[in-house]
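Got the structure open in your viewer? Here is a short tour, one selection at a time.

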2 protein chains.
Amino acid sequence: MARVTIQQVAEAAGVSPSTVSNVLNGRTNRMVPATKERIDRAIAELGYHPNKAARQLRTGRTQTIGLIVPSVGNPFWGAFARELELAAMTVGHNLLLCNSERDAERERRYVQELWEDGVRGIVLCSSLPTLDHVADIVARGLRLVTFDRQAQPGDPENVISVSINNLVGGHLATSHLLELGHQRVSFVSGSLASVNRAGRYRGYCMALEQAGLDPAEMPAWTGADAPAFGDVEAAEVGRRAAHALFEDPATAPTGVVAINDMTALGLCRGLRDLGLQVGTDASIVGFDDIVLAELYDPPLTTVRQPIARMAALALEEMLDDTGEDPGRTVLLRPELVVRGSTQAPRVGASR
Amino acid sequence: MARVTIQQVAEAAGVSPSTVSNVLNGRTNRMVPATKERIDRAIAELGYHPNKAARQLRTGRTQTIGLIVPSVGNPFWGAFARELELAAMTVGHNLLLCNSERDAERERRYVQELWEDGVRGIVLCSSLPTLDHVADIVARGLRLVTFDRQAQPGDPENVISVSINNLVGGHLATSHLLELGHQRVSFVSGSLASVNRAGRYRGYCMALEQAGLDPAEMPAWTGADAPAFGDVEAAEVGRRAAHALFEDPATAPTGVVAINDMTALGLCRGLRDLGLQVGTDASIVGFDDIVLAELYDPPLTTVRQPIARMAALALEEMLDDTGEDPGRTVLLRPELVVRGSTQAPRVGASR
DNA sequence: GTGAAAGCGCTAACAT
DNA sequence: ATGTTAGCGCTTTCAC
């Protein structure tokens, strides 16, 4: 129980604490090898481990980074959290996990608290359209990387963003359906009031326009009337959308672009409730490529986010101390993964 | 950027740091109200927040707890992490997240590191049969709660366990199949070398025996020859099992108990690869009741773990300072959720 | 009812 | 090449 201190190590090795400290911090260049060896031995024998609180108090630095996600219960965020923690571990950093539950006030409180804890930086997976709620903390020096939220006008200047190119992603998903021959499509999302969602939707509209179709005639289903859904409940959004859109065969689309895989899976489930077959009766495209997309029956066509790469990148950008390109945004290119949930529409199904 | 200290607050309020500290720590009983008010105002005006590192160095206490899961990428662990973080937040605690990837050495390193960081305690979701690798740290005073791992002979005395009753769960799943009329069943898992898995398997065997069946004739499929799978890849275990078990219709079971939902979903996928229909051609029972179980097609019959309750309990037990019942185990009762993936076997399908 | 003083364990000038 | 020293910001006896 009694923790061994640097002082005890110093005594055991017959040196001063500062020399031990030098060893601990790699300042070992002009040190007599025998001394270093004695110290190393003492450290090992006593089972000494530096006290991080003391170190942090003294240096003002930590090896801890904060991660704020909407909800780790969502497989996409779970996978991201895992990759980020893995990457952080390899460079000796810890991860403090926070679930914002898509609540601005919680998000703000977490950012504040992590900042007070002295974290090295924060990876914020925010769904919010502005960063006003954390701007003052960023101004005070917080190192912030936003994930899946391209930098916006009005954002603090030195916030780094790592994201997929949602515009391209939305376009990819939509033109895939159009190329299969779908003429009546829809875009299903919860609220569109988040940067990434808006981006995907713009990609959808752009693809329609390029095909000579009018987005106004195939608007997004945002479940505006529905209560606000949590993240894990994204699937419920999809299920409701399925009922709303497909109840009337006369107006039902033949293909749907879903805002993410959970929603897509909910859509599939809703279609099944209605006795419709995914793939043959209606095509569904997801977004993210979570593990379950491939497992589903039928396997889900989706826009893949290279999650491991993005996590590594987010960390790298956060830890980058060159001071170059403050406020930069890195957008990765998404990739369409075609599986069984999308097929050509039935003959006669499109008008 | 320049942090405001207790000293500055004291000066602003015209008192000494110790008095401010007293206010901070609620020792305000015999204090003149006017003083407290002046201090409160100073704190608010300066935007003061205590430095946690300094506080921790002084007191030796933290508000941080460690969580070690096999992988938050797995929806079950993601959901658990979320619930634990939510519960922790409500009592003012933070969560440090670690992924062991089911690796004993990593697990040990994490426990060690969290201990050195001075965490309040650790919730360990370990798959390992013994706790030998962390016993010395527990002996030095670490407050450890193991989750989903009932206390075992040889465990350190003061380790608290919170878990589902896996024996009952495995029995529940199996007798459900038997009651439907299945006579040829199987148990699909990765390695059984973990406490929870062994428990579920014993429940399976017990149910068989009670039905007059011989477990030796319907052994577990553990994919012993397969490479070790990570947690997210649990589905792959299921898929392989499907191919191995169902390739030959003459020996194929009519019902399968899967070690968890991810594996069950993989099984479903594998059956589909073989052109078999889940539910009608073969019944599958999962374990956990992750969100996707209900979304799947067909929806998965499964043994539900009351995750939110268990997370709250794990935290409560960890924070409990009455010193009563050291080394206690709390086992919650699982609940069978019957859905479409289990049906009576086809007539003639069972022999 | 409030303040003075000591020190938690560590690091980094600076001195030798 | 190593040691001395002075805190980092906070809490907590112990005086007054």
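Start by selecting B:H182. This is a predicted model, and in it B:H182 counts as buried because its relative accessibility is 1%, under the 20% cut-off. To find your bearings, look in the loop between α8 and β6 of chain B. Now show the side chains: that of B:H182 makes a polar contact with the side chain of B:T254, at 2.5 Å. What else does B:H182 touch, once residues up to four places away in sequence are set aside? Besides B:T254, the neighbours are B:L177, B:G255, B:S283, B:Q343, B:A344 and B:P345.

Next, select residues 195-210 of chain B, which is helix α9. How far apart should the ends of these 16 residues be? At 1.5 Å a residue the helix should span 22 Å, and its end C-alpha atoms are indeed 22 Å apart, so the two agree. Colour the buried residues of α9(B); among them are B:V195, B:R197, B:G199, B:Y204, B:C205 and B:L208. Which elements do they pack against? The answer is α8 (166-180), β6 (185-188), β8 (255-258) and β9 (283-288), again in chain B. You have already met α8 and β6, on either side of the loop that holds B:H182. Step past the end of the helix and you come to B:G212, where phi is positive, near 80°.

While you are on α9(B), click on B:C205. This cysteine counts as buried because its relative accessibility is 14%. Then jump to B:C268, also buried, with a relative accessible area of 2%. Why is there no bond from its sulfur to another cysteine? The closest cysteine sulfur belongs to A:C268 and is 15 Å away, which is too far for a bond. Searching the whole structure turns up zero disulfides over all chains.

Now show both chains together. Chain A superposes on chain B after a rotation of 180° with 0.1 Å of shift along the axis, and the RMSD is 0.2 Å. The two copies are therefore related as by a two-fold rotation axis. The same surface serves both copies, too: 98% of the contact residues of chain A recur in chain B.

Hide chain B and take in chain A by itself. Its C-alpha atoms fill a box of roughly 90 × 40 × 35 Å along the principal axes. You can count 13 helices and 12 strands here, and 54% of the 351 residues are buried. Of the contacts in chain A with a separation of 6 or more, 70% are between residues 24 or more positions apart.

Try colouring chain A by domain. The assignment gives domain 1 (6-50), domain 2 (62-164 + 307-333) and domain 3 (166-305). Draw a line from the C-alpha centre of domain 1 to that of domain 3, and you cover 61 Å.

For the last stop, select A:D155, in the loop between β4 (144-147) and β5 (160-164) of chain A. Is A:D155 buried or exposed? It counts as buried, because its relative accessibility is 14%. Beyond its neighbours within four places in sequence, A:D155 is in contact with A:L131 and A:R149. With A:R149 there is a polar contact between side chains, at 2.9 Å. A polar atom of the A:D155 side chain also lies 2.9 Å from the backbone nitrogen of A:Q152. Finally, pick A:V330: 175 residues separate it from A:D155 along the chain, yet their C-alpha atoms are 15 Å apart.

Note on methods: Residues numbered from 1 in each chain as written. Chains lettered and ligands numbered in written order. Heavy atoms only, no water. Domains from an automatic or database assignment. Helix = DSSP H or I, 4+ residues; strand = E, 2+ residues; numbered from the N terminus. Buried < 20%, exposed > 50% of the residue type's maximum accessible area, 1.4 Å probe, protein only. Contact = heavy atoms within 4.5 Å. Polar contact = N/O pair within 3.5 Å; in protein donor to acceptor, adjacent residues only side chain to side chain. Least-squares fit on C-alpha atoms with pLDDT ≥ 70 in both. Disulfide = S-S within 2.5 Å. Expected span 1.5 Å × (residues − 1).
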